[in-house]
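Here is a short round of questions and answers for a first look. Keep the model in view as you read.

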Amino acid sequence: MTAKIWKDENGITIPASRVTKSEKLREQVCERLVKKAQKLSLDLAKFKEEFANVSDEVYDAVMIENGVDTTDRKGNFCFYNFDRTIKAEVDVSERIEFDDAMIAVAKQHFDSFLDNTTGGVDEMIRELILDAFSTVKGKLDTKKVMNLIKYRQRIDPNKYPQFHKAIDAIEKGMRKPNSKRYHRISIRNTEGGYDAINLNFSSL
């Protein structure tokens, strides 16, 4: 068996006689752990791919069985085994980002709108706008900004055109760079709820 060559982080060869017992133990443990970790990571990646593929297969089967088009798989999807002791879930998370310039345009229009509205429903909208544009660590609250779009129909465009210009700017500056799919599988417990099988190493 070839003797191990000991090299430090600088690539300098160290005589084996100068390597302590604990250093040799750490070397063995680290090598063993990293090999197992790499195998587990590969296995998890393969399982995730399998989970995604079979979930799509189930989704398509349900849609086809009910005469629905299967080309667009948007939104979350949950399915069970026959006796409902196992639940599989696919959660789709779409990340929304805003163009900084268009948000600046929207903010100016909102400021103009706020300068010309007082009282009643306008006061409620005022609070929503101020809350949406109050940043946390320099970042907008995406959900609150998106929530403002819902109020387009409640604001008279002839009376308050600045509000609609602001909403237009938000919509023009909005983009969805990518979406992520999260997969979860659970087993029904004795109380009728479902306990997820934890596949997240950091939370075990």
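Q: How many aromatic pairs does a search of the whole structure find?
A: This is a predicted model. Rings pair here if their centres lie within 6.5 Å. A search of the whole structure finds this number of aromatic pairs: eight.

Q: Is the aromatic pair of Phe110 and Phe163 stacked or edge-to-face?
A: The ring centres of Phe110 and Phe163 are 5.6 Å apart, and the planes meet at 70°. Planes over 60 degrees apart count as edge-to-face. So the pair of Phe110 and Phe163 is edge-to-face.

Q: How many residues apart in sequence are the parts that Phe110 and Phe163 tie together?
A: Phe110 lies in helix 2, residues 100–115. Phe163 lies in helix 5, residues 161–172. The pair therefore ties together parts whose separation in sequence, in residues, is 53.

Q: Is Phe110 buried or exposed?
A: The relative accessible area of Phe110 is 0%. Buried means under 20%. Phe110 is therefore buried.

Q: Which residues do ring pairs link into a cluster with Phe110?
A: Phe163, the partner of Phe110 in the edge-to-face pair, belongs to the cluster. Ring pairs link Phe110 with Phe113, Phe133, Tyr160 and Phe163.

Q: Which residue lies over the face of Tyr80?
A: The distance from the ring centre is 3.7 Å. The residue over the face of Tyr80 is Arg84.

Q: Which residue meets Lys39 in a salt bridge?
A: The two partners both lie in helix 1, four residues apart, about one turn of the helix. Their side chains meet at 3.0 Å, N to O. The partner of Lys39 is Asp43.

Q: Where does Arg152, the salt-bridge partner of Asp168, lie?
A: The side chains of Asp168 and Arg152 meet at 2.9 Å, N to O. Asp168 lies in helix 5, so the pair ties together parts that are 16 residues apart in sequence. Arg152 lies in the loop between helix 4 and helix 5.

Q: Is Arg152 buried or exposed?
A: Arg152 also forms a salt bridge with Glu171, the closest N and O atoms being 3.1 Å apart. The relative accessibility of Arg152 is 18%. Buried means under 20%, so Arg152 counts as buried.

Q: Which nonpolar surface patch residue lies in helix 1?
A: The patch covers about 480 Å² and includes Phe47, Ile86 and Ile187. Another of its residues is partly exposed, at 40% relative accessible area, and has its place in helix 1. That residue is Leu44.

Methods: Residues numbered from 1 in each chain as written. Predicted model: local features only at pLDDT ≥ 70, side-chain atom pairs only at ≥ 80, totals over all residues. Heavy atoms only, no water. Patch = residues over 30% accessible without salt bridge, like charges linked within 9 Å, V, L, I, M, F, W, Y side chains within 5 Å. Areas by Shrake-Rupley, 256 points an atom, 1.4 Å probe, with all protein chains shown as cover. Salt bridge = Lys/Arg side-chain N within 4 Å of Asp/Glu carboxyl O. Helix = DSSP H or I, 4+ residues; strand = E, 2+ residues; numbered from the N terminus. Buried < 20%, exposed > 50% of the residue type's maximum accessible area, 1.4 Å probe, protein only. Phe/Tyr/Trp six-rings, centres within 6.5 Å; stacked < 30°, edge-to-face > 60°. Lys NZ or Arg CZ within 6 Å of the ring centre and 35° of its normal.
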